[in-house]
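Thanks for making the time this morning. I would like to walk you through one structure, starting from a single contact and then widening the view, so please have the model open while I talk.

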Amino acid sequence: MCQGSLQRQTARSLGKWLQFPQLALRRRLGQLSCMSRPTTRLRSWPLSFLYYILPFAALKPLAKVGWRPTSRVALYKTIPTRLLSRAWGRLNQVDLPTWLRKPIYSLYIWTFGVNMKEAAVEDLHQYRNLGEFFRRKLKPQARPVCDSHCVISPADGKILHFGRVKNCEVEQVKGVTYSLETFLGPHTWAESIALNRNEDDPTNFQDILVTKEGNALFHCVVYLAPGDYHCFHSPTDWRVAHRRHFPGSLMSVNPGVARWIKELFCHNERVVLSGEWAHGFFSLTAVGATNVGSIRIYFDKELRTNLPRYSKGSFNDFSYVSNNNQEGISMRKGEHLGEFNLGSTIVLLFEAPKDFTFNLKAGQKIRYGEPLGTM
C-alpha cells in the first residue's frame, strides 16, 4: 500500500474517532434544549462559569457543536446576592475579640485607603464589630458644609454622572441609561406633593415632576466606595413628604458593573425619599448593593430592607404627611439623614431653574458638604 493511501486511511479513521465525542455532545446539548428554562440554567451554569474563567479559551471548541455559554450578565444575576448580604450583615454584628480588632481593621484600612484621622474615634480597639467600624462618625469639623450653594453633596464618593434629564431617561454612567418612571415608580405618591398631574397626557412622566414654569429636571449620581464614609446627609433644605421602598436585587453598583448591566439601579433594592425644596420637586434615592442590604433612614423607624421574601417589581409606600403633621419631615442642609453598611450609591433628582449648572466633572472625587452646582 502506497504511503498516500495509508495517510488518507489514517485521516479517515482519526476523523471518525473525533466524531464520536462531538455526536455525544450534540445529543447531550439536545437534551438540555428540551429541559425547562430554570433546569437548563442550573445545568449549564458550571460549564458557563468555567468558559469565562479558564485560560486560553479552553472551552471554545464547544461552540462548534452548538453550545452557547450563558451570558455574563445572566450568570451574575444567578448569584444569591440578597442571601450573601444578609449573611454579611449578621457577620458585621458579631463582636470581635479585642486583640483581633486592630489587625482586621488595619487590613481593611490598607485595602480601601480609609483615612482614620477624620474619624471621631481613631482608636481601632473601640469598634466592637465590623458594623460599628463601617458606620463610624466623623470629627465635627472634618466636613464643613458649604453655605454659599443651595445643593451640596450628600456623601463622600465619586461622581458617576450628572446633568439634565432628557426624554425620561437618566444615565447611570456614560452611555448606559435607565427609565425615570421605572426608577421612581408610578406617580401615585404625587398626592403628598404639589406636582403637575396632567390627566390628558399621562405618559409624560418627566413633565409631571416639573411644577414651575422655567424649570427643568436635573440628576446627580454619587457612588460610595467601601473605603468612603458610609453615612449620608441632607443635600439641601427641603421637606420629605413620602418614602417608597423597592425590594429587589443587591448587585454591585461598582462603576464597572454599572457599565455592564442596563437599568442596574432599577433592579436593585432602593429607598426613594420624595418631597419639595425652594424650587419645586426634590428626591434622594439610596440604592442598595451587594453586602449593603441594610439601608437605614434615621427618622424612619418603620423601614425594613433586605427581607428574606419579596415580590419582584413590588414596592411599599409610606407618607410622612398626616393629620398631625401636614408638612412632612423638614430637613436642613447637612443634617444626618441615613447610612449604609458598606459602599453604595445616592441618586439625586430635582427640579431647578434652567440656568442651574453643575460645577462637577464625571469621575471626580467629592466629599460630603462640598457644592454640586450653582444658579
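Let me begin with a polar contact between two side chains, that of His 233 and that of Tyr 229, at 2.9 Å. What we are looking at is a predicted model, and I would ask you to keep that in mind for every distance I quote. His 233 belongs to strand β6, which covers residues 231-233, and with a relative accessibility of 2% His 233 counts as buried. If we set aside the neighbours within four places in sequence, the residues in contact with His 233 are Pro 154, Leu 284, Gly 334, Glu 335, His 336, Leu 337 and Tyr 368.

Why start there? The UniProt record, in an unreviewed entry, places the feature "active site" at Asp 156, His 233 and Ser 344. These positions are spread over 189 residues of sequence, and yet they cluster in space, with a largest C-alpha distance of 14.1 Å.

Let me take the other two in turn, beginning with Asp 156, which sits in the loop between β1 and β2, the latter being residues 157-164. Asp 156 is buried, since its relative accessible area is 5%, which is under the 20% cut-off. Its side chain makes a polar contact of 2.6 Å with the side chain of Arg 143. Again leaving out neighbours within four places in sequence, Asp 156 has contacts that include Val 222, Tyr 223, Leu 224, Asp 228 and Tyr 229, and also Ile 366, Arg 367 and Tyr 368. You may recall that Tyr 368 is also among the contacts of His 233.

Ser 344, for its part, lies in the loop that runs between β13 (336-340) and β14 (345-353), and it is buried, with a relative accessible area of 0%. UniProt also lists Ser 344 under "modified residue: Pyruvic acid (Ser)", once more from an unreviewed entry.

Before leaving this region, I would like to add Asp 228, which was among the contacts of Asp 156. Asp 228 is in the loop between β5 (215-223) and β6, and a relative accessible area of 12% makes Asp 228 buried. A polar atom of the Asp 228 side chain lies 2.8 Å from the backbone nitrogen of Ala 225. Beyond residues up to four places away in sequence, Asp 228 touches Arg 136, Asp 156, Gly 157, Tyr 223 and Lys 365.

That mention of Arg 136 takes us to the aromatic residues, because the charged end of Arg 136 sits over the ring of Phe 133, 5.0 Å from the ring centre, which falls within the 6 Å limit for such an arrangement. A comparable description applies elsewhere to Arg 244, whose charged end sits over the ring of Phe 315, 4.2 Å from its centre.

As for ring pairs, we describe a pair of aromatic rings by the distance of the centres and the angle of the planes. With centres required to lie within 6.5 Å, the count comes to 22 aromatic pairs. One of these is formed by Tyr 108 and Phe 112, a tilted pair at 4.7 Å centre to centre, with 50° between the planes. Tyr 108 and Phe 112 are 4 residues apart in helix α5 (residues 98-112), so about one helical turn separates them. Is each of these residues buried or partly exposed? Tyr 108 is buried, at a relative accessible area of 13%, whereas Phe 112, at 38% relative accessibility, counts as partly exposed.

Tyr 108 has a further partner in Phe 133: the ring centres are 5.7 Å apart and the planes stand at 90°, so this pair is edge-to-face. Here the link is between distant parts of the chain, Tyr 108 being in helix α5 and Phe 133 in helix α6 (residues 130-134), 25 residues apart. Both Tyr 108 and Phe 133 are buried. Elsewhere, ring pairs link Phe 162, Phe 218, Trp 238, Trp 277, Phe 282, Phe 350, Phe 356 and Phe 358 into a cluster.

Finally, a word on one sheet. It is an open sheet of 3 strands in the order β1-β17-β15, with antiparallel pairing. The edges are β1 (151-152) and β15 (357-358), each of which has a single partner strand, so one side of each is left without a neighbour in the sheet. Between β15 and β17 (residues 371-374) there are 2 bridges, and Thr 357 stands opposite Thr 374 in β17.

Terms used: Residues numbered from 1 in each chain as written. Predicted model: local features only at pLDDT ≥ 70, side-chain atom pairs only at ≥ 80, totals over all residues. Heavy atoms only, no water. Phe/Tyr/Trp six-rings, centres within 6.5 Å; stacked < 30°, edge-to-face > 60°. Buried < 20%, exposed > 50% of the residue type's maximum accessible area, 1.4 Å probe, protein only. Lys NZ or Arg CZ within 6 Å of the ring centre and 35° of its normal. Pairing = 2+ DSSP bridges. UniProt positions renumbered as here; feature names shortened; annotations may be inferred. Contact = heavy atoms within 4.5 Å. Polar contact = N/O pair within 3.5 Å; in protein donor to acceptor, adjacent residues only side chain to side chain.
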